[in-house]
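Got the viewer open? Let's take a walk through this one, stop by stop, with something to select at each.

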Amino acid sequence: MTHSLTLRRPDDWHLHLRDGAMLRAMLPETTRHFSRAIIMPNLVPPVVTAAQAVAYRDRILTALPEGATFEPLMTLYLTEETDANDLAAAHASGLIKAVKLYPAGATTNSASGVKDFDKVRPVFERMAEIGCPLCVHGEVTDANVDIFDREAVFIDRVLDPVRRATPGLRVVMEHITTAQGVDYARAGGPDLAATITTHHLVINRNHILVGGIKPHYYCLPVAKREEHRLALRAAATSGHRAFFLGTDSAPHVDAAKEQACGCAGCFTATNTMSVLAEVFEQDGALDQLEAFASLNGPAFYRLPANDATMTLTRGAPVDYPAYIATSDGPVTVFDPGYPLHWQVD
Ligand code: DOR
Ligand code: ZN
């Protein structure tokens with residue numbers, strides 16, 4: 001049995017850091033293990049302009065723990081009013097690495113997102129020209145579509161038509177949760193990739209609903225049937241270039257999750273690398289963890305992999321905190337439901 005594993009230092013290609021007190025509490029959880037992260041722009045108000053992205057990046061850099069070397073990779077939140085020139089300038093200067101598409105109403109703080117995809121077609125065309133990736137929250141919001149079908153329907157109704165209409169548009173299907181998402185990403189060629197979260201490799205919808213409702217397993221897109229989780233596992237552990245880690249670690253204080261209308265989001269930043277090592281070991285694929293967590297993401301984003309390395313060691317069950325304290329209250333850390341044996345050195 002392997003007892004030690006060294007890989008290039010990982011990056012997180014989809015992360016919610018929030019702002020203010022939450023940002024300060026969350027940053028160390030990510031910077032301890034990750035060198036870079038794609039920072040989600042769904043603040044209130046959202047990060048829509050280059051000027052807002054500069055200000056948010058500065059707040060992140062100011063809040064960095066002492067000694068941390070961490071690069072926040074900023075994104076803009078796409079609205080129907082997004083200015084393509086502002087976006088292109090922000091991309092050319094290196095300020096932003098991607099633009100995030102939220103269908104209006106799909107998830108937390110998505111009210112300013114896109115309702116009419118035709119309205120943003122000129123922005124998509126400009127992004128294709130300049131090679132700026134579009135990170136897509138891929139769920140339709142049509143009330144008539146069952147929540148467990150929303151990702152598959154989005155691929156057929158929105159994503160595939162947009163990609164056909166905009167050749168060269170580089171797309172990241174964020175946090176895929178279905179076999180349909182896996183198949184579409186795998187077949188999409190070099191301009192298409194997909195992030196997979198830690199928690200969607202571990203839980204299916206039974207984990208949320210059987211034996212009492214588990215608010216800390218509720219996120220969007222919601223976890224699906226077991227066959228979909230297995231498809232995600234096969235994709236992540238395959239090493240295929242189209243699949244890489246985006247934790248979608250999305251902290252909400254416990255009081256906001258444990259209530260009649262609880263917020264969506266699993267908080268996994270703290271123990272993601274231990275969970276992933278356990279998952280890849282269970283599937284006999286420890287040799288593919290580096291591709292998933294450290295190599296495929298930078299390759300898609302046309303950035304170098306990190307020079308620094310990380311070593312994980314296998315041993316007695318790992319201790320990790322049940323929650324992270326913030327001045328707004330505790331944030332529960334994702335519990336995979338089994339002991340973790342891989343400790344980051
Ligand atoms: O579960 C989620 N939480 N999914 C999202 O898309 C947004 C995120 C959040 O910001 O809390
Ligand atoms: Zn997210």
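One thing before we start: helices and strands here are DSSP runs, numbered from the N terminus, with at least four residues for a helix and at least two for a strand. Keep in mind, too, that this is a predicted model.

**Stop 1: a proline in a loop.** Select Pro-45, which sits in the loop between β3 and α2. Now look at the bond that joins Val-44 to Pro-45: the peptide is cis, with omega at about -5°. Then jump to Pro-221, in the loop between α8 (205-209) and α9. The Leu-220 to Pro-221 peptide bond is cis as well, and omega is near -5°. Why bother with these bonds? Most peptide bonds are trans.

**Stop 2: helix α2.** Colour residues 50-63. This helix has 14 residues and reaches 20 Å from its first C-alpha to its last, close to the 20 Å expected at 1.5 Å a residue. Show the side chains of Ala-50, Ala-53, Tyr-56, Ile-60 and Ala-63, the buried residues of α2. Look down the axis of α2: these buried residues fall within an arc of 145°, so they line one face of the helix. Spin to the face turned away from that buried side and you'll meet the exposed residues Ala-51 and Thr-62. What covers the buried residues of α2? Turn on α1, β3 (36-39), β4 (71-77), α3 (84-92) and β5 (96-101), which are among the elements that do.

**Stop 3: the zinc ion.** Select ligand 2. Which residues coordinate the zinc ion? They are His-14 (NE2), His-16 (NE2) and Asp-248 (OD), at 2.0 to 2.1 Å. In sequence, these donor residues are spaced H-x1-H-x231-D. His-16 and Asp-248 link distant parts of the chain: His-16 is in the loop between β2 (12-15) and α1 (20-31), Asp-248 in the loop between β9 (243-245) and α10 (254-257), 232 residues apart. Is His-16 buried or exposed? His-16 is buried, at 7% relative accessible area, and Asp-248 is buried too, at 5%.

**Stop 4: Thr-247.** Thr-247 is in the loop between β9 and α10. Its relative accessible area is 0%, so Thr-247 counts as buried. Measure from a polar atom of the Thr-247 side chain to the backbone nitrogen of Ser-249 and you should read 3.0 Å. Leaving aside neighbours within four places in sequence, the contacts of Thr-247 include Asp-12, His-14, Thr-197, His-199 and Thr-272.

**Stop 5: ligand 1.** How many residues surround ligand 1? There are 13, and the closest are Arg-18, Asn-42, Thr-107, Leu-220 and His-252. Try some distances to oxygen atoms of the ligand. A polar side-chain atom of His-252 lies 2.7 Å from one, a polar side-chain atom of His-137 lies 3.3 Å from one, and a polar backbone atom of Gly-265 is 3.2 Å from one.

**Stop 6: two arginines with positive phi.** Stay with Arg-18, in the loop between β2 and α1. Phi of Arg-18 is near 65°, and at 14% relative accessibility Arg-18 counts as buried. Then go to Arg-302, in the loop between α12 (289-301) and β10 (309-314). Phi of Arg-302 is near 60°, but at 58% relative accessibility Arg-302 counts as exposed. Most residues other than glycine have a negative phi.

How values were computed:
Residues numbered from 1 in each chain as written. Chains lettered and ligands numbered in written order. Predicted model: local features only at pLDDT ≥ 70, side-chain atom pairs only at ≥ 80, totals over all residues. Heavy atoms only, no water. Donors = N, O, S within 2.8 Å, 3.2 Å for Na, K, Ca; no water. Buried < 20%, exposed > 50% of the residue type's maximum accessible area, 1.4 Å probe, protein only. Expected span 1.5 Å × (residues − 1). Arc of directions from axis to C-beta. Contact = heavy atoms within 4.5 Å. Polar contact = N/O pair within 3.5 Å; in protein donor to acceptor, adjacent residues only side chain to side chain. Near = heavy atom within 4 Å.
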